[in-house]
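Take a moment with the sequence and the model. The paragraphs that follow go from single residues to packed helices.

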Amino acid sequence: MDRSMDPRNVFTAMHQHVTAEILHLMEGFYSNIEDGLFELAFRGEDEDKHRHCFDLMREMRYRRTNLIQTFAKRMQRGVSDWFYTPPATTNKSSQAALSQAVAMAEKCESHFYMLLQSIAQRAEQGTGQPTSPADLPISPARIAHCFLLSCRSLRFDDDSIATVQELFGRFILDRLGSVYGPVSYTHLTLPTKVLVCRCGWWA
């Protein structure tokens with residue numbers, strides 16, 4: 001293995017690239033949030049549900065910048081987790097959010113399992129740190145966890161979070177294939193002049 005390229009630089013650049021791609025998906029999430037909430041509001045005849053969804057539209061619009069910035073910071077904090085296993089959280093709120101995130105990400109992790117497994121194998125080879133697909137710093141569960149903690153830190157109530165998480169799954173988690181594919185097949189395997197996060201030192 002050619003160690004001329006520092007693995008930390010490679011994984012840091014790749015993590016930053018993935019975060020940027022997810023933030024791009026967040027723009028799409030926000031472009032569709034009002035239509036999504038309108039759809040959820042009129043799934044039934046519950047007037048309280050209608051009112052809740054319309055109030056949430058205003059709240060999401062008002063908190064857009066803070067939510068995206070908070071989410072981005074939480075994602076970036078995960079870059080060091082490629083090289084060590086973070087301690088298990090003892091905070092009850094964070095534990096509850098993690099359980100909620102795992103449930104949110106279950107379908108997505110199953111759908112993208114082969115890509116995640118490929119990334120985990122190459123990450124273990126490059127970092128020397130045993131990693132399962134579910135524990136990757138860019139796994140669907142970790143991404144969902146960052147989002148839920150961001151919502152909680154901005155004091156969204158539980159009902160609002162439960163409503164928004166369905167749309168986050170639809171517009172972010174279900175579209176992660178466009179993020180994981182390049183990471184698995186290009187960023188961590190083939191040298192390229194285009195991608196900053198290349199990894200020719202795997203050979």
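**A walk through the helices**

A polar atom of the side chain of threonine 127 lies 3.1 Å from the backbone nitrogen of glutamine 129. The model is predicted, and the values here are computed from it. The side chain of threonine 127 also has a polar atom 2.7 Å from the backbone oxygen of alanine 123. Threonine 127 belongs to helix α5, which covers residues 113-127. Is threonine 127 buried or exposed? Its relative accessible area is 16%. Buried means under 20%, so threonine 127 counts as buried. Which residues does threonine 127 contact, leaving aside its neighbours within four places in sequence? They are Phe11, Trp82 and Phe83.

Move on to glycine 128. This residue is in the loop between α5 and α6. Glycine 128 has a relative accessible area of 59%. The cut-off for exposed is over 50%, so glycine 128 is exposed. Along the chain, glycine 128 and phenylalanine 83 are 45 residues apart. Their C-alpha atoms are separated by 7.7 Å. Phe83 has already appeared, as a contact of threonine 127.

Now step back to the whole chain. The protein chain has eight helices and zero strands. Read from the N terminus, its elements run α-α-α-α-α-α-α-α. The chain has 203 residues, and 46% of them count as buried. Consider the contacts with a separation of 6 or more: 80% of these join residues 24 or more positions apart.

Alanine 105 gives a view of another helix. Alanine 105 is found in helix α4, residues 92-111. It has a relative accessible area of 0% and is buried. Which residues does alanine 105 touch, not counting those up to four places away in sequence? The answer is Pro140, Ala141 and Leu173. Pro140 is where helix α6 begins, as that helix covers residues 140-153. Alanine 105 can also be paired with glycine 169, 64 residues apart along the chain. The C-alpha atoms of these two are separated by 7.6 Å.

Next come the helix pairs. Two packed helices are described by the angle between their axes and by the distance between the axes. Start with helix α1 (residues 7-41) and α3. Their axes come within 10 Å and cross at roughly 155 degrees. Angles over 145 degrees count as roughly antiparallel, so α1 and α3 are roughly antiparallel to each other. The crossing of α1 past α3 is right-handed. Which residues meet here? From α1 come His15, Gln16, Thr19, Ile22, Leu23, Met26, Glu27 and Tyr30. From α3 come Arg64, Leu67, Ile68, Phe71, Ala72, Met75 and Gln76. By class, this contact has nine nonpolar, four polar and two charged residues.

Helix α3 (residues 64-77) also packs with helix α6 (residues 140-153). The angle is about 135 degrees, and the axes are 9 Å apart. α3 and α6 are therefore oblique to each other. Their crossing is right-handed. On the α3 side, the contact is made by Leu67, Thr70, Phe71, Arg74 and Met75. On the α6 side, Ile143, Cys146, Phe147, Leu149, Ser150, Cys151 and Ser153 take part. By class, the contact of α3 with α6 has eight nonpolar, three polar and one charged residues. Leu67, Phe71 and Met75 of α3 appear in both contacts, with α1 and with α6.

Methods: Residues numbered from 1 in each chain as written. Predicted model: local features only at pLDDT ≥ 70, side-chain atom pairs only at ≥ 80, totals over all residues. Heavy atoms only, no water. Axes fitted to C-alpha atoms, helices over the stretch in contact; angles between N-to-C directions. Helix = DSSP H or I, 4+ residues; strand = E, 2+ residues; numbered from the N terminus. Parallel < 35°, antiparallel > 145°, perpendicular 65-115°, else oblique. Left-handed = near helix turned anticlockwise from the far one by under 90°. Contact = heavy atoms within 4.5 Å. Nonpolar A, V, L, I, M, F, W, Y, C, P; charged D, E, K, R; others polar. Buried < 20%, exposed > 50% of the residue type's maximum accessible area, 1.4 Å probe, protein only. Polar contact = N/O pair within 3.5 Å; in protein donor to acceptor, adjacent residues only side chain to side chain.
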